[in-house]
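Reader: I'd like to learn how to read burial, salt bridges, sheets and metal sites in a model. Could you take me through them one at a time?

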2 protein chains.
Amino acid sequence: GDSLSIADYLLERLVQLNVSTMFGLPGDFNLGFLDYVEDHPKIEWAGNCNELNASYAADGYARVKEGSIGVLLTTFGVGELSATNGVAGAFSEHVPVLHLVGVPSTTQQKTKPMLHHTLGDGRFDAYHVAAQQFAISHGSLQDKATAPAEIDRILTDCVVLGRPAYLMLPTDLVHEQVPRKRLLTPLNVEPPQNDPEIEAYVLDEISKLVEEANHDAVIILDACTIRHGVRKEAKDFIERSKLPVYAAPMGKSAISETYERYGGIYVGTISRPEVREKVENAKLIISIGGVRSDFNTGNFTYQIPINRTIELHSDHTKVQYATYQGIGMKHLLPKLTDRLSAFEATASQLSVPKFITPIPQEDDEVISQNWLWPRVGQFFQKGDVVVAETGTSSFGTIDIPLPEDAVFVSQILWGSIGWTVGATLGAAVAARDIGKPRTILFVGDGSLQLTVQELSVMQRLGVTPIIFVLNNSGYTIERYLHGEKRKYNDITNWNWTSLLSTFGGVEGKTCQSYTAKTKTELNNLLDDPEFAKASKIQLVELIMPRHDAPRALKVQAELSGKTNKYVAIGVEASA
Amino acid sequence: GDSLSIADYLLERLVQLNVSTMFGLPGDFNLGFLDYVEDHPKIEWAGNCNELNASYAADGYARVKEGSIGVLLTTFGVGELSATNGVAGAFSEHVPVLHLVGVPSTTQQKTKPMLHHTLGDGRFDAYHVAAQQFAISHGSLQDKATAPAEIDRILTDCVVLGRPAYLMLPTDLVHEQVPRKRLLTPLNVEPPQNDPEIEAYVLDEISKLVEEANHDAVIILDACTIRHGVRKEAKDFIERSKLPVYAAPMGKSAISETYERYGGIYVGTISRPEVREKVENAKLIISIGGVRSDFNTGNFTYQIPINRTIELHSDHTKVQYATYQGIGMKHLLPKLTDRLSAFEATASQLSVPKFITPIPQEDDEVISQNWLWPRVGQFFQKGDVVVAETGTSSFGTIDIPLPEDAVFVSQILWGSIGWTVGATLGAAVAARDIGKPRTILFVGDGSLQLTVQELSVMQRLGVTPIIFVLNNSGYTIERYLHGEKRKYNDITNWNWTSLLSTFGGVEGKTCQSYTAKTKTELNNLLDDPEFAKASKIQLVELIMPRHDAPRALKVQAELSGKTNKYVAIGVEASA
Ligand SMILES: Cc1ncc(C[n+]2csc(CCOP(=O)(O)OP(=O)(O)O)c2C)c(N)n1
Ligand SMILES: Cc1ncc(C[n+]2csc(CCOP(=O)(O)OP(=O)(O)O)c2C)c(N)n1
Ligand SMILES: [Mg+2]
Ligand SMILES: [Mg+2]
């Protein structure tokens, strides 16, 4: 017909944005909306175990399904507030997550009865106030006349600004009918054009600097290259300019780590020495989508003066000391490519260290951190989605080159533990959508405890990640930072290999669990083609020493120790 | 010495408030503080699996350990925001939970470096702004000169106002030394005195009304009787006035349900008919600590005109249409007792229906909702702590009288599912502290999925609750409200009886799991003295029909259906 319900209007917009799956839980105030979701032929309802996990899943989904968004549906108060941390994390890390909340009817919002899930004091706006802190755009549907435009506004902001948006769906409005016609015009999710005059000026400035530097420049790719959708533009720029390229931890996999002029990860004093030398001695640094957080910069140890730095961001550009507001990289980069490709000949002379991490020879059977990461590095395949939890895993994976088309997923700025379990669910669903067969998770025993039940949803949705659980008897990363021998860094040891079957799987049939206590055991497993096929969900418990960390974490911990015994990290940092 | 650290100052205050256990998780910004916690001889660190569960535990602890508070410790951003829903629930339900958050140093709060766990945009106050929505009192320590007074202010508000308070602990300040002397003066946690003139006037007004009603009055006890610490005052009032007494669902167990002049639960049209008749025909209702939320009033179906109502609250009194701000029940009640005990002779003539729920004769073996609740009612013992999850459990337990000294714990206003699992942990720890040997949980299969990992912490802390898991294949309460056959109300079936061993127990030794598929099986189990002793943690999976509900839920669902097919509950309610 000519009209459709507001619920369906919203769902059609999501389909246009390539959303296949919605994450969340039912609740009294969203059940009406959920009827439309369940009945929609193109949207699958994930039905998560709890709302925090669901928000993590939406986040992981959005990261892997670039260009699309993650969608989370919760219920008023109890549901939405359970997801606060997950949404805040997506805000912090520039991930477009749409948080839909089923809320009381428009009448109830006026009369304010003491409904369940309210604070009991008549404040119906408290959750919205809290949510605003972590949303780039937010609102509530008011009536059917304005609802479609409001939906479009919020969706557009979510995509263009690349951060969470919050939309309240009153129970009565989801059924209201609105004209279908508006759907014929797709949302305009292009970032705004740059002012041509300023843009031309900026291009001149940058070219001039590169020339003055005798083309001795390096590129550092960072988080927002991926998150603000300029992977392709950056790749063109890199390949045509032939400049050496490195990545910050949050920019890992922004360009293929097998690319010949890619030198690995730059992370201040924590970098491998050869990388540090190259980057810090370059006359000019072109940073693309940079996020200068503590863990992303080796505790703020970039040794690069501002007058040697150019920063391209989604909505501004910095050239040395000058900021050009409104000059965004999406449109700037192609023009920069045209300009700088002229320097290709000189640029291609600049040498780039090889990014390789050989497996060390160790003469014992202990699964050490030093040995583990290069070893699993060899297990990775083209197109793998590799998810690394905050802890020894995120530090360990950084040092390992990933194969072509691999996607690296980690939460280096926000660093909420347990996040990867939900994120892996979302990432695996997205990976399936876009034809990436394997999702591989590295998660600490401590972190897994926060969100473990989502293993159940993975099994229900039929995704088949490989999950490596690092059993090192607790919060090892924290032990390195403070309280090595403290009880508060211990955890209860679980029966890790019975998790999958407890949460609904049939061991040996629908799922498979393993323990590897030795290098040999792990080698055998990784070499087993059946295992590598990842045709069912698999969990591998790795027995590892309690006090052992990857190189990068050891250095980070030393840096932290130097600054302050008590204040673990970043104490002397400056904005 | 004469001085102690700010951390220890705070801990000593907590000890004075009778706090034995602190809930939460470590994180970079609270590790320094945690050293003091771990070293403190009188405070145990729970070390929860995640922060939401920890906040639930603090809530459950505070409910059972009346007069004390629940304490939650989290880390900046990622930790604290994970607990938002739990703290908001404590706010809604008037539970004193102190939320301590380890935050960046006072220097960092000024220089605002891009630390991990920040939003990346320099806003260091966003979490505080969000938290304010759900705290009755909040602040951050600023320096050592003002810290002790600030701690005292926030603690006092938490106890006196009976709601959550939020306190930020900058990493650098916890070590600062402050004078010990201030600790010699205990916190004044008495509610303020009432203005004597107004109070006398209110007493006259109430006495007059009771006389005019020919002493035909009934008392309804509600949530705040328990939460605002007037259990004893209310008991005196009830026993000396001899007036009939009932309880709202949230007031259940405010007075012993074995008390001879107690008639059971009044919940509007959902009440048992004999209770409804008595309450609604009384000439006067004296409501103590009332919370008029939808589920607590049978969907706002109190049939009691305002001109027959007296309401006593923690900080005001209502007599018919008049509100007396500042006249609180703690000090009013004893005086009212003196006045109204004069009417004892007439009042004791008023008849009260017996609160009994016989086990129905059913000639099959199905564990029906109708049969289950009276049956477990017989299993209860003096002093049991009975925790009921939102769902069929909370509706089912309401109708069952509890033995003397039993404590009923449920979240009828906030209704966040999964809450009971954390709350049971906290409740069981508190119960152990105060010498109540058994804590018994009823939780739905759907709800348990949200917070299941806390079974691990129960085992680590050595508490031994009995956990009944109602396996009815999903969200039955929701099915009654909307979407009976919908897939979104289904859940994944878990291997429930392997949960305890998966999460660290040794089945048959440290823990024991059972499945009861029939009445006979459950009868046998409940009659087994070994089981009833609860000397280890026990989990009982109850196989129950997918679509079956206790009487009260069926009526509630009908009421909701009448008002609106889509808007599940309370649509026509008025504030
Ligand atoms: C939600 C949340 N709570 C607490 C923390 C603090 N924290 C950071 S890392 C960590 C320990 C992680 O331990 P584990 O997952 O076992 O990693 P590993 O042992 O490999 O270092 C903790 C508790 C956090 N980052 N996020
Ligand atoms: C945190 C949170 N998420 C979602 C809801 C909505 N909700 C209320 S009851 C319920 C179903 C509970 O199912 P279960 O625990 O199995 O109870 P039962 O089957 O006994 O009714 C849901 C999803 C909620 N109240 N709280
Ligand atoms: Mg660990
Ligand atoms: Mg159920």
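Reader: Is Glu199(A) buried or exposed?

Author: Buried means under 20% relative accessible area, exposed means over 50%, and partly exposed lies in between, with a 1.4 Å probe and protein chains only. Glu199(A) has a relative accessible area of 6%, so Glu199(A) is buried. This is a predicted model, in which local features need pLDDT of at least 70 and side-chain atom pairs count only at pLDDT 80 or more, while totals for chains, interfaces and linings use all residues. Residues are numbered from 1 along each chain as its sequence is written, chains are lettered from A and ligands numbered from 1 in the order in which they are written, and side-chain values use heavy atoms, leaving out hydrogens and water.

Reader: Which residue forms a salt bridge with Glu199(A)?

Author: A salt bridge here is a side-chain nitrogen of Lys or Arg within 4 Å of a carboxyl oxygen of Asp or Glu. For Glu199(A) the partner is Lys335(A), with the closest N and O atoms 2.7 Å apart. Glu199(A) sits in helix α9 (residues 196-212) of chain A and Lys335(A) in helix α13 of chain A, so the pair ties together parts 136 residues apart in sequence. Helices (H or I, at least four residues) and strands (E, at least two) are DSSP runs, numbered from the N terminus. Lys335(A) is partly exposed, because its relative accessibility is 34%.

Reader: How many salt bridges does a search of the whole structure find?

Author: The search finds 73 over all chains. One of the pairs is Lys65(B) with Asp433(B), whose closest N and O atoms are 2.6 Å apart. Lys65(B) is in the loop between α3 (51-64) and β4 (70-75) of chain B, and Asp433(B) is in helix α17 (residues 419-433) of chain B, 368 residues apart. Lys65(B) is buried at a relative accessible area of 6%, whereas Asp433(B) is partly exposed at 35%. There is also a network of salt bridges linking Asp35(A), Glu38(A), Asp39(A) and Arg486(B).

Reader: Now the sheet, please. In what order do the seven strands of the open sheet in chain A run?

Author: Two strands pair if DSSP finds at least two bridges between them. In chain A the order is β11-β10-β9-β12-β13-β14-β15, with mixed pairing. The edge strands, each pairing on one side only, are β11 (262-265) and β15 (322-325) of chain A. From one strand to the next, the twist averages 20°. For a single pairing, take β9 (residues 217-221) and β10 (residues 245-247) of chain A, which are parallel over three bridges.

Reader: Which strands does helix α13 of chain A touch?

Author: Contact means heavy atoms within 4.5 Å. Helix α13 (residues 329-340) of chain A packs on the sheet and touches β12, β13 (309-312) and β14 (316-319) of chain A.

Reader: Last one: which protein donors does the magnesium ion (ligand 4) have?

Author: Donors are N, O and S atoms within 2.8 Å of the metal (3.2 Å for Na, K and Ca); water is not among the atoms, so sites may look incomplete. For this ion they are Asp445(B) (OD), Asn472(B) (OD1) and Gly474(B) (O), lying 2.0 to 2.2 Å from the magnesium. Along the chain these donors follow the spacing D-x26-N-x1-G. Asp445(B) counts as buried at 1% relative accessibility, and Gly474(B) counts as buried at 4%.

Technical notes
Axes fitted to C-alpha atoms, helices over the stretch in contact; angles between N-to-C directions.
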